[in-house]
Amino acid sequence: RVLSDLSSGINAEYGLVCVRSQCCKWLETGECTKHAQQCGTGTAIYLVIMSSTVVIIRGERVYLWGSVYLDQHDEEDIDLKRGKTLYLSDTRYQCLNQQWLSHSFDHVLKRWGWHQSQF
């Protein structure tokens, strides 16, 4: 799939949801954090459409995973600065999916930050 196909912000097939910076705030808790707590027992995966970055929220921590969308040379275009067409990388998507299904985020990802309910 091409990234531009996700212009609606939600892609049910892949379970990725768009994150908007300040429009989702609710009583000092970000909407993404609230969703992770209520629907994902503290863990959720989001795709930031405007940068193509996957964000993982796990409890009070956040991880910027990278992108599942790459250009024709298999390179990321974080923040979409180069303006190249991006395509879903089956390899990256399968890696992310495997980490999700095997509950291995804590074992595989080592550079977590604290989100302080800003997402």
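Start at Ser89, which is buried, with a relative accessible area of 12%. It counts as buried because that value falls under the 20% cut-off. This is a predicted model, and every value here is computed from it.

Where does Ser89 sit? Ser89 lies in the loop between β9 (87-88) and α2 (90-101). A polar atom of the Ser89 side chain lies 3.1 Å from the backbone nitrogen of Arg92. Leaving aside residues up to four places away in sequence, Ser89 touches Val68 and Leu70.

Val68 leads on to the core. Which residues have the most contacts inside the largest nonpolar core? They are Val54, Ile56, Trp65, Val68, Leu96, Phe105 and Leu109, and the core has 16 residues. Four elements give two or more residues to this core: β5 (43-48), β6 (53-58), β7 (61-66) and α2. A second core is separate from it. That second core has eight residues, including Cys32, Ala36, Ala44 and Tyr46.

Now take Leu96, one of the residues with the most contacts inside the largest core. What does Leu96 touch, not counting residues up to four places away in sequence? Its partners are Ile45, Val54, Ile56, Trp65, Val68 and Phe105. Val68 thus appears again: it is touched by Leu96 and by Ser89.

Next come two loop residues with backbone angles worth a look. Most residues other than glycine have a negative phi. Asp74 has a positive phi, near 60°, and is not a glycine. Asp74 is in the loop between β8 (69-70) and β9. Is Asp74 buried or exposed? Asp74 is exposed, because its relative accessible area of 58% is over the 50% cut-off.

His103 also has a positive phi, about 55°, although it is not a glycine. The loop between α2 and α3 (105-108) holds His103. His103 is exposed too, with a relative accessible area of 63%.

How far can the model be trusted along the chain? The protein chain averages a pLDDT of 76, and 73% of the residues score at least 70. Where is confidence lowest, and where is it highest? Strand β1 (residues 10-11) is lowest, at a mean of 41, while β8 is highest, at 95. Over residues 1-24, pLDDT stays under 50. For that stretch the model has 43 contacts beyond four places in sequence.

How values were computed: Residues are numbered from 1 along each chain as its sequence is written. This is a predicted model: local features need pLDDT of at least 70, side-chain atom pairs count only at pLDDT 80 or more; totals for chains, interfaces and linings use all residues. Side-chain values use heavy atoms; hydrogens and water are left out. Buried means under 20% relative accessible area, exposed over 50%, partly exposed in between (1.4 Å probe, protein chains only). A polar contact is a pair of N or O atoms within 3.5 Å; within protein, one must be able to donate a hydrogen and the other to accept it, and residues adjacent in sequence count only if both atoms are side-chain atoms. Contact means heavy atoms within 4.5 Å. A nonpolar core is a set of buried Ala, Val, Leu, Ile, Met, Phe, Trp, Tyr and Cys residues joined through side-chain atoms within 4.5 Å. pLDDT is the predictor's confidence in each residue, from 0 to 100.
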